[in-house]
Amino acid sequence: MSSDNGLFYSDNVTYSRAINHDYPGILQMAEPFYPDSVGTNHSNGFLNSRFTTDMLTTINHRMGLLVAKNKHNGIIGFLGLAPFSAASPSPVVGAMLNSLENAEYQHRPISESNPFIFGPVCVATAAKGMGVFKGLYQAMWNFLPKDQYRTGYAFVDQNNKHSLDAHTKGLGAKVVGEFDAKSSKFWIIAYARTDKADLR
């Protein structure tokens, strides 16, 4: 495993920040994970919002959009990042931030934990078993300045058990709250940086 511009390469998978050329591959990879797509299997997790090139561009420009590529340079996973800000263009993120107002995590106000928002995250079915999910989060910690971002927060649809288990059982993220938005119920999870996260 070696670092590359703050990210890394592992097991024939390259992790990097997305460029404009990557957006069509991200959209194609995401398509099977939308609830209204033909053949969608919710047991493998799903994406709540259908993305467009403009949305991907906004995510990348606001903070970062990370991608995993196989040895053929094909997109096999992606992870979005966003600032912990009320200026979020997402109404679901806005509802999550409202529910976290004045909340604490690890006995400290969330505002003092150098917070940020992570997600969406998606891994191609063909990449199952390749460690891409954890690899994207390793890339996230390598990408984010250690002194500026310590704890990430994300929402998980309460019907998306696959995603909840992947984050809590796979990464050790903690459920810290819940909220309602757009006629759906969501868990809020927190994922804090550890010394082990800073592998280079």
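Reader: What makes strand 9 and strand 11 a pair?

Author: Strand 9 and strand 11 are joined by seven bridges in the antiparallel sense. Two strands pair if there are at least two bridges between them, so seven bridges qualify them. One of the contributing residues is Phe155, whose bridge partner in strand 11 is Ile188. Please keep in mind that this is a predicted model.

Reader: And how do you know that strand 8 and strand 9 pair, and in which sense do they run?

Author: Three bridges join strand 8 to strand 9, and the cut-off is at least two, so this is a pair as well. These two strands run parallel. You can find Pro115 opposite Thr151 of strand 9. Strand 8 and strand 9 also belong, with helix 4 (residues 132-143), to a right-handed β-α-β unit.

Reader: Why is strand 9 called largely enclosed?

Author: Of its seven residues, six are buried, so the rest of the structure largely encloses strand 9. Buried here means under 20% relative accessible area. Strand 9 is also among the elements that the buried residues of helix 3 pack against, together with strand 8, strand 10 and strand 11. Those buried residues of helix 3 are Val92, Val93, Ala95, Met96, Leu97 and Leu100.

Reader: Nice. Now the aromatic rings: why is the pair of Phe116 and Trp141 called edge-to-face?

Author: The structure holds 13 aromatic pairs. In the pair of Phe116 and Trp141, the ring centres are 5.7 Å apart and the planes stand at 85°. Centres must lie within 6.5 Å for a pair, and planes over 60 degrees apart count as edge-to-face, so both values fit. This pair links distant parts of the chain, with Phe116 in strand 8 and Trp141 in helix 4, 25 residues apart. Phe116 and Trp141 are both buried.

Reader: What makes Phe118 and Tyr191 an edge-to-face pair?

Author: Phe118 and Tyr191 lie 6.4 Å centre to centre, with 70° between the planes. Set against 6.5 Å and 60 degrees, those values give an edge-to-face pair. Phe118 sits in strand 8 and Tyr191 in strand 11, so the pair ties together parts 73 residues apart in sequence.

Reader: How do you know that Phe118 and Tyr191 are buried?

Author: The relative accessible area is 3% for Phe118 and 13% for Tyr191. The limit for buried is under 20%, so Phe118 meets it, and so does Tyr191. Phe118 and Tyr191 also belong to one aromatic cluster, whose members include Phe116, Trp141 and Phe133.

Note on methods
Residues numbered from 1 in each chain as written. Predicted model: local features only at pLDDT ≥ 70, side-chain atom pairs only at ≥ 80, totals over all residues. Heavy atoms only, no water. Buried < 20%, exposed > 50% of the residue type's maximum accessible area, 1.4 Å probe, protein only. Helix = DSSP H or I, 4+ residues; strand = E, 2+ residues; numbered from the N terminus. Contact = heavy atoms within 4.5 Å. Right-handed = clockwise from strand over helix to strand, strands pointing away. Phe/Tyr/Trp six-rings, centres within 6.5 Å; stacked < 30°, edge-to-face > 60°.
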